[in-house]
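Visitor: I am new to protein structures and would like to ask some questions about this one. Could we go through it piece by piece?

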Amino acid sequence: MPRLRTYLIGLALGMVVVLLLAACGGNGEESTAPAGGTQAATQTPAESPATTPAATEEPGGDGGQVSGEIDPCDLVTQEEAETLVGHSLPEPDKRTVGPFDSCMYSGASLVDLVQVQVGSDVWSESEFDDSMVEGAKMFDIEAKPVSGLGDKAYWLEGILWVLKGDVAFNLMVSNAELTDPEKDDEVLQQEALAVTTDLAKKVLERLP
């Protein structure tokens, strides 16, 4: 699975949009992919959903601004992000994507990336389940339930989604170890899940 930063960012942003679309078809009803939504599985990294959410994205500008009550950069600190990638990082980029506020730490390397997105009153528990499953189908990946995190949690090939009460958040961590080309993809997935799960536990403790 490609792990370039542009692909990861595009996947995270595009998945927000796709999961929200899936939620619109939830509540027990079968949802259908929007026109072109199923193309993600066959696109190259450069063509993956990086351009999908442009209409819903509100750039943060210098340093960035977020619109919600929860600052995502308070959920994952710069010090924690630097520990995860193994070196210092510039100030994070903040922006709002749909109902989610995003905090992204990234460095010069294409693979160094730590991102957290958080939103309130996005999904009920049943809508969350439906959105994860239907959204994963649109990307031709699997939504794997993760136990012990919040009320509900799913692992979607590099992105961990968690629902706790009325707050939903997702986390993505990429670094040199988690993109080692000498390792089997399944091994990388398990390592990434372990690292991201540990980070999610810290985030849960910081939620209001």
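Visitor: Is lysine 137 buried or exposed?
Guide: This is a predicted model, and the values here are computed from it. Lysine 137 has a relative accessible area of 55%. Exposed means over 50%. Lysine 137 is therefore exposed.

Visitor: With which residue does lysine 137 form a salt bridge?
Guide: The partner is three residues away from lysine 137 in helix α4, so about one helical turn separates the two. The closest N and O atoms of the salt bridge are 3.7 Å apart, and the limit for a salt bridge is 4 Å. The partner of lysine 137 is glutamate 134.

Visitor: What distance separates the end C-alpha atoms of helix α4?
Guide: Helix α4 covers residues 125-138, which is 14 residues. At 1.5 Å a residue, the helix should span 20 Å. The distance in the model agrees with this: 20 Å.

Visitor: What is the sign of phi in the aspartate 140 that follows α4?
Guide: Aspartate 140 comes after helix α4. Its phi lies near 60 degrees, and the sign is positive.

Visitor: How is phenylalanine 128 of α4 placed, buried or exposed?
Guide: Several residues of α4 are buried, among them Glu127, Asp129, Ser131 and Met132. For phenylalanine 128 the relative accessibility is 0%, and the cut-off for buried is under 20%. Phenylalanine 128 therefore counts as buried.

Visitor: How many aromatic pairs are there, and which class does the pair of phenylalanine 100 and tryptophan 161 belong to?
Guide: The count of aromatic pairs comes to five. In the pair of phenylalanine 100 and tryptophan 161, the ring centres are 5.7 Å apart and the planes stand at 85 degrees. An angle over 60 degrees counts as edge-to-face. The class of this pair is therefore edge-to-face.

Visitor: How many residues apart are phenylalanine 100 and tryptophan 161?
Guide: Both phenylalanine 100 and tryptophan 161 are buried. Phenylalanine 100 is in strand β3 and tryptophan 161 is in strand β7, residues 159-164. The pair links distant parts of the chain, with a separation of 61 residues.

Visitor: Which class does the ring pair of phenylalanine 128 and tyrosine 154 belong to?
Guide: Phenylalanine 128 lies in helix α4 and tyrosine 154 in strand β6, so the pair ties together parts that are 26 residues apart in sequence. Tyrosine 154 is buried, at a relative accessible area of 10%. The ring centres are 5.8 Å apart and the planes are at 55 degrees, so the pair is tilted.

Visitor: Which residues do ring pairs link into a cluster?
Guide: Both ring pairs described above have their residues in this cluster. The members are Phe100, Trp123, Phe128, Tyr154 and Trp161.

Visitor: Which cysteines does the disulfide join?
Guide: The structure holds one disulfide, with S to S at 2.0 Å. It links distant parts of the chain, helix α2 (residues 72-75) and strand β3 (residues 100-106), through residues that are 30 apart. Both partners are buried. They are cysteine 73 and cysteine 103.

Visitor: Which handedness does the disulfide of cysteine 73 and cysteine 103 have?
Guide: The handedness follows from the torsion about the S-S bond. That torsion is about 100 degrees, so the disulfide is right-handed.

Visitor: Which residue meets aspartate 71 in a salt bridge?
Guide: The whole structure has six salt bridges. Aspartate 71 lies in the loop between β1 and α2, and its partner lies in strand β2 (residues 93-97), so parts 23 residues apart in sequence are tied together. The partner counts as buried, at 17% relative accessibility. With N to O at 2.7 Å, the partner is lysine 94.

Visitor: What does the side chain of serine 174 reach?
Guide: Serine 174 is in strand β8, residues 167-174. Serine 174 is buried, with a relative accessible area of 1%. At 2.6 Å, its side chain reaches the backbone oxygen of valine 111.

Visitor: Which element gives the largest share of the largest nonpolar core?
Guide: The largest nonpolar core has 29 residues, and Val76, Tyr105 and Val114 are among those with the most contacts inside it. Elements giving two or more residues to this core include α2, β3, β4 and β8. The largest share, five residues, comes from α5.

How values were computed: Residues numbered from 1 in each chain as written. Predicted model: local features only at pLDDT ≥ 70, side-chain atom pairs only at ≥ 80, totals over all residues. Heavy atoms only, no water. Disulfide = S-S within 2.5 Å. Helix = DSSP H or I, 4+ residues; strand = E, 2+ residues; numbered from the N terminus. Buried < 20%, exposed > 50% of the residue type's maximum accessible area, 1.4 Å probe, protein only. Expected span 1.5 Å × (residues − 1). Phe/Tyr/Trp six-rings, centres within 6.5 Å; stacked < 30°, edge-to-face > 60°. Polar contact = N/O pair within 3.5 Å; in protein donor to acceptor, adjacent residues only side chain to side chain. Salt bridge = Lys/Arg side-chain N within 4 Å of Asp/Glu carboxyl O. Core = buried A, V, L, I, M, F, W, Y, C linked by side-chain atoms within 4.5 Å.
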